[in-house]
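Hi there,

I am passing this structure on to you, and my notes follow below it. Have a look at the model first, then read on.

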Amino acid sequence: DNLLLGLSAISDSCNTEAFVRRDWEAVATNVGAKFVNIEIVCTDPKEHELRAIKRKSTVANLKPPSWDKIKNRVYEPWDSEVITIDTAGSSVDDSLKTLLVKLGV
């Protein structure tokens, strides 16, 4: 609905399977909206594990996945253009600056 109104929308989710990524892209392209894939990764396994263990949910009754579940999830390679931001050793501000540069904003 927001895209139909010409507003921006962000889907913040872990889309590890190609069919889910294609579905999100179809939502945007079907209404003529610009679509950009952005993948946030942490290539340092120890840092990633620590973040997963410390993660707290802000949504009632939503439990974040365990580190084992994260490590063992299905992950399909991207078959479309994607902007990848590696947050290992980076602050939120630095990661955002990197993203904005890659977006050309």
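Let me start with how the chain is held together: among contacts with a separation of 6 or more, 63% are between residues 24 or more positions apart. Contact here means heavy atoms within 4.5 Å.

Before the details, some ground rules. This is a predicted model, where local features need pLDDT of at least 70 and side-chain atom pairs count only at pLDDT 80 or more, while totals for chains, interfaces and linings use all residues. Residues are numbered from 1 along each chain as its sequence is written, and side-chain values use heavy atoms, with hydrogens and water left out.

**Overall picture**

The chain contains four helices and two strands, arranged along the sequence as α-β-α-α-β-α. Helices (H or I, at least four residues) and strands (E, at least two) are DSSP runs, numbered from the N terminus. The C-alpha trace spans about 40 × 30 × 30 Å along its principal axes.

Of the 105 residues in the chain, 17% are buried. For these terms, buried is under 20% relative accessible area, exposed is over 50%, and partly exposed is in between (1.4 Å probe, protein chains only). The exposed area of the chain comes to about 8200 Å², with carbon and sulfur atoms supplying 55% of it. Those areas come from the Shrake-Rupley method with a 1.4 Å probe, and for residues only the protein chains shown count as cover.

As for charge, there are 14 positive and 16 negative side chains, and the centres of the two sets lie 7 Å apart. Lys and Arg count as positive and Asp and Glu as negative, without His and the chain ends; each charge is placed at NZ of Lys, CZ of Arg, CG of Asp or CD of Glu.

**The two strands**

Strand 1 and strand 2 pair in the parallel sense over four bridges; pairing requires that DSSP finds at least two bridges between the strands. One bridge joins Ile-40 to Ile-85 in strand 2. Side chains alternate along strand 2 (residues 83–86): Ile-83 and Ile-85 point to one face and are buried, whereas Thr-84 and Asp-86 point to the other and are not.

Asn-37 sits in the loop between helix 1 (18–29) and strand 1 (38–41). Is Asn-37 buried or exposed? Asn-37 counts as buried because its relative accessible area is 10%. Leaving out residues up to four places away in sequence, Asn-37 touches Trp-78, Ser-80, Glu-81, Val-82 and Ile-83. Its side chain also reaches the backbone oxygen of Glu-81 at 3.3 Å. That is a polar contact, meaning a pair of N or O atoms within 3.5 Å; within protein, one must be able to donate a hydrogen and the other to accept it, and residues adjacent in sequence count only if both atoms are side-chain atoms.

**After the strands**

Cys-42 lies in the loop between strand 1 and helix 2, and is buried, with a relative accessible area of 12%. Setting aside neighbours within four places in sequence, Cys-42 is in contact with Glu-47, His-48, Arg-51, Asp-86, Thr-87 and Ala-88.

Gly-89, in the loop between strand 2 and helix 4 (92–103), is exposed, with a relative accessible area of 71%. Not counting residues up to four places away in sequence, Gly-89 touches Glu-47 and Arg-51. Gly-89 and Tyr-75 are 14 residues apart in sequence and 23 Å apart in space, C-alpha to C-alpha.

**Helix 2 and the loops beyond**

Leu-50 belongs to helix 2 (residues 45–54) and is partly exposed, at a relative accessible area of 45%. From Leu-50 to Glu-39 the C-alpha distance is 19 Å, across 11 residues in sequence.

Asn-61 is worth a look on your side. Asn-61 has a positive phi of about 65 degrees although it is not a glycine. Most residues other than glycine have a negative phi. Asn-61 is in the loop between helix 2 and helix 3 (67–71), and is classed as exposed because its relative accessible area is 86%.

Lastly, Val-74 lies in the loop between helix 3 and strand 2. Apart from its neighbours within four places in sequence, Val-74 is in contact with Thr-16 and Glu-17.

Best wishes
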